[in-house]
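Hi,

Here is the structure I promised to pass on. Have a look at it first, and then read my notes below.

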Amino acid sequence: MAVIRKKKHSYTILSNSVIRDERLSWKARGIFAYLMSLPEDWTFHQAEIAKHSPDGLASLRAGLKELQKYKYLSISRERDSKTGTLGESVWILDDSPIFDYPILDKPILDKPILDNRKLLNTNTTNYLDNKLLIDDEEDARTRE
């Protein structure tokens, strides 16, 4: 039996959703945990992160792509408004998947199309037919 000891003064809290997401490889889970352990003001550089693991830059990039695929990581680049040049990358790391919902200015349909749909089947017509047959039989009996 293994004994796990944790330091009380330095720890990272992770959501179980990342740790238990079976779509993610162990590599992606480990990269996520490592990135979450870094301070919030830390500037992410792939080459720098790769130095802290024997796997190398290609392995790190594969793990980052996996995290992006399942929306745990979003990487974008800021553009300078004056010169139009690309600035630093902005990494958003979240332990609940990031979803990009489209923002619609107007609904797709201004007026919904309303159709008078034909009623496919009801038991009332059968009931009425039977009722009429029963009434006809009763009329025939009373006539006799």
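A quick word on terms before the notes: when I say two residues touch or are in contact, I mean that they have heavy atoms within 4.5 Å. Please also keep in mind that this is a predicted model.

First, the overall layout. The protein chain has five helices and two strands, and going along the sequence they come in the order α-α-α-α-β-β-α. Of the 144 residues in the chain, 15% are buried. If you take the contacts with a separation of 6 or more, 47% of them join residues that are 24 or more positions apart.

Now I49, which sits in helix α3 (residues 46-50). Leaving out residues up to four places away in sequence, I49 touches Y34, L35, W42, F44, L60 and W91. One of those partners, L35, is 14 residues from I49 in sequence, and the C-alpha atoms of the two are 8.6 Å apart. I49 has a relative accessible area of 5%, so it counts as buried.

On to the aromatics. How many aromatic pairs does a search of the whole structure find? Just one. It is made by F32 and Y72, which meet edge-to-face, with 6.1 Å from centre to centre and 70 degrees between the planes. Because F32 belongs to helix α2 (residues 26-37) while Y72 is in the loop between α4 (57-69) and β1 (73-79), the pair ties together parts that are 40 residues apart in sequence. As for burial, F32 has a relative accessible area of 0% and is buried; Y72 is buried too, at 2%.

The loop that holds Y72 has another residue to look at, K71, which is also in the loop between α4 and β1. K71 isn't a glycine, yet its phi is positive, at about 65 degrees. Is K71 buried or exposed? Neither, quite: its relative accessible area is 33%, so it comes out as partly exposed.

There is a charge over a ring as well. The charged end of R29 sits over the ring of W26, 4.4 Å from the ring's centre.

Helix α4 gave me two residues to mention. E66, in that helix, is buried but has no salt bridge. Why no salt bridge? One would need a side-chain nitrogen of Lys or Arg within 4 Å of a carboxyl oxygen, and the nearest side chain of opposite charge, K27, is 5.7 Å from E66. What does the side chain of E66 reach instead? The backbone nitrogen of S25, at 2.5 Å. S25 also turns up among the contacts of E66: setting aside neighbours within four places in sequence, these are R23, L24, S25 and A28.

The other residue is S59, again in helix α4. S59 has a relative accessibility of 16%, and since the cut-off for buried is under 20%, S59 counts as buried. Apart from neighbours within four places in sequence, S59 is in contact with K27 and I31. So K27 appears twice in these notes: as a contact of S59, and as the side chain of opposite charge nearest to E66.

If you open the model, I'd start with the F32 and Y72 pair and then go to E66 and S25.

Cheers

Notes
Residues are numbered from 1 along each chain as its sequence is written. This is a predicted model: local features need pLDDT of at least 70, side-chain atom pairs count only at pLDDT 80 or more; totals for chains, interfaces and linings use all residues. Side-chain values use heavy atoms; hydrogens and water are left out. Rings of Phe, Tyr and Trp (its six-membered ring) pair if their centres lie within 6.5 Å; planes under 30 degrees apart count as stacked, over 60 as edge-to-face and the rest as tilted. Helices (H or I, at least four residues) and strands (E, at least two) are DSSP runs, numbered from the N terminus. Buried means under 20% relative accessible area, exposed over 50%, partly exposed in between (1.4 Å probe, protein chains only). A charge sits over a ring if NZ of Lys or CZ of Arg is within 6 Å of the ring centre and within 35 degrees of the ring normal. Lys and Arg count as positive and Asp and Glu as negative; His and the chain ends are not counted. A polar contact is a pair of N or O atoms within 3.5 Å; within protein, one must be able to donate a hydrogen and the other to accept it, and residues adjacent in sequence count only if both atoms are side-chain atoms.
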